[in-house]
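Here are my notes on this one, written as numbered points. Have the viewer open while you read.

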Amino acid sequence: MSISEPTAWGHLPDGRPLHRWTLRNARGMRVDISDLGATLLSWQAPDRRGHLGEILLGHADADHYLAATAFMGGIVGRWANRIRGGRFQLDGIEYKVDRNDGDNHLHGGHDGFHARRWDVEVDGDALCLQLASPEGDGGFPGDVRVTLRITLDDDGALDLRYEATTNAPTPLNLTSHPYFNLNDRRPDIRDHLIRIDAAEFLATDAGAIPTERQPVSGTAFDFRTAAPIGSRLHWPDAQLRLAGGFDHCYIPAPAPGGASRVVAVVTEPSSGRRLTVETDREGLQFYSGQKLAGQVSRDGKRYQAFAGFALEAEAFPDQVNMADAEAAILRPGATYRQATRYRLDTL
């Protein structure tokens with residue numbers, strides 16, 4: 001793998017410069033990453049015929065990323081997904097955090113990690129990105145320091161390794177938020193075949209807040225055998241109607257010792273591209289992209305609904321208000337660690 005020198009890529013509103021780096025592997029893949037939000041800007045990958053094509057959705061420039069609401073390709077935090085009412089209690093203290101999704105908190109709030117400039121250095125074959133989040137950031141307690149190491153292996157695996165520490169107890173739930181379309185010649189992802197290795201998912205209310213665990217068996221949410229995304233969208237299911245598609249957290253079976261395991265595989269029949277997702281996280285949010293309509297694309301046009309899908313490895317939505325909230329709390333002296341890998345090959 002090789003990593004390019006940084007190139008200029010716009011500015012923050014306060015004038016600070018932004019940059020992008022390109023990772024390349026022996027298979028001809030190219031992944032572009034910015035210090036704005038540690039964002040995955042582009043992933044060029046060959047199809048089964050060797051045609052190099054774009055598999056990530058994205059905007060044209062830094063200004064569009066800062067103005068958009070889709071968190072496209074960015075690292076989201078401090079809290080990925082939603083917190084009911086933007087409230088939680090920790091050690092007997094109630095905290096109020098940004099509410100940017102109706103009455104709920106979503107993906108770190110108005111000025112989350114996706115909108116920050118990260119510090120970047122090259123460390124061997126890894127791009128190392130670091131961010132300091134101060135006490136009170138978005139309403140969250142504690143100073144938090146995050147390090148993200150990204151490598152692109154010659155086998156086609158984009159590997160993301162997170163570590164974080166804090167000086168005071170705080171919820172922490174990080175994820176990367178790329179939107180994939182494995183066929184660069186088609187405008188939506190409904191022909192993609194998806195397999196999700198989970199027997200349960202979290203049903204939600206109208207605000208996308210989990211209400212209960214439900215088995216996938218016999219429902220539109222059963223992807224234990226691969227099925228087309230598009231055909232499942234038409235099933236008569238109350239959960240699909242509430243969300244307008246899939247926007248739900250699956251609960252894959254944990255691996256022994258908390259190790260990474262394969263949680264999802266997506267294939268696109270025409271291109272032959274296959275995406276495999278491995279992670280050690282408890283939850284996997286599958287979003288079918290139904291609300292992408294109107295988001296500005298790289299060429300200045302507008303994406304339509306279902307233009308891309310997201311598979312976000314994370315803790316459970318609103319876990320800070322659940323019985324297992326402590327599992328999502330980072331305390332002083334402990335280190336938050338996460339490993340997620342997106343591997344792309346062809347059939």
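1. A word on the labels before we use them: UniProt positions follow the numbering used here, feature names are shortened, and an annotation may be inferred rather than shown by experiment. Keep in mind too that this is a predicted model. With that said, the unreviewed UniProt entry puts the feature "active site" at H177 and E312.

2. Do those two sites sit together or apart? They span 136 residues in sequence, yet no two of their C-alpha atoms are more than 6.2 Å apart, so they gather at one spot. H177 and E312 are also both included in the lining of the largest pocket.

3. Start with H177. You'll find H177 in the loop between strand 17 and strand 18. Its relative accessible area is 2%, so H177 is buried, the cut-off being under 20%. Leaving aside neighbours within four places in sequence, H177 is in contact with A70, F71, M72, G73, G74, V76, H107, A310 and E312.

4. Next, E312, which lies in strand 26 (residues 310-314). E312 counts as buried because its relative accessibility is 2%. Not counting residues up to four places away in sequence, E312 touches H107, T175, S176, H177, G283, L284, Q285 and Y287.

5. Which side chains does H177 pair with through polar contacts? One is H107, whose side chain makes a polar contact with that of H177 at 3.4 Å. Another is E312, with a side-chain to side-chain polar contact to H177 at 3.3 Å. H107 is also among the residues that E312 touches, so have a look at the three together when you set protonation states... or just when you browse.6. The same entry, again unreviewed, carries a "binding site" annotation covering N81, R82, H177, P178, Y179 and D247. From this set, the lining of the largest pocket takes in N81, R82, H177, Y179 and D247.

7. R82 has its place in strand 8 (residues 82-83). Is R82 buried or exposed? At 9% relative accessibility, R82 counts as buried. Outside the residues up to four places away in sequence, R82 touches D101, H105, L106, G207, A208, I209, D247, P317 and D318. D247, one of these partners, is itself covered by the "binding site" annotation in the UniProt entry.

8. P178 is found in the loop between strand 17 (175-176) and strand 18 (193-196). P178 is buried, with a relative accessible area of 2%. Apart from neighbours within four places in sequence, its contacts are L40, L56, G73, F309, A310 and Y342. G73 and A310 also turn up in the contact list of H177.

9. Now the chain as a whole. How many helices and strands are there? The chain has three helices and 28 strands. Among contacts with a separation of 6 or more, 64% are between residues 24 or more positions apart.

10. On overall dimensions, a compact globule of 347 residues would have a radius of gyration near 20 Å, and the 19 Å of this chain agrees with that. The C-alpha trace spans about 60 × 50 × 40 Å along its principal axes.

11. Last, burial and surface. Of the 347 residues in the chain, 56% are buried. The chain exposes about 13800 Å², with carbon and sulfur atoms supplying 48% of that area.

Notes: Residues are numbered from 1 along each chain as its sequence is written. This is a predicted model: local features need pLDDT of at least 70, side-chain atom pairs count only at pLDDT 80 or more; totals for chains, interfaces and linings use all residues. Side-chain values use heavy atoms; hydrogens and water are left out. On a 1 Å grid over the protein atoms alone, a cavity is a set of points where a 1.4 Å probe fits but cannot get out, and a pocket is an open set with protein on both sides within 12 Å along at least five of seven lines; lining residues have an atom within 4 Å of a point. Helices (H or I, at least four residues) and strands (E, at least two) are DSSP runs, numbered from the N terminus. Buried means under 20% relative accessible area, exposed over 50%, partly exposed in between (1.4 Å probe, protein chains only). Contact means heavy atoms within 4.5 Å. A polar contact is a pair of N or O atoms within 3.5 Å; within protein, one must be able to donate a hydrogen and the other to accept it, and residues adjacent in sequence count only if both atoms are side-chain atoms. The radius of gyration is taken over C-alpha atoms; the globule rule is 2.2 Å times the number of residues to the power 0.38. Accessible areas come from the Shrake-Rupley method with a 1.4 Å probe; for residues, only the protein chains shown count as cover.
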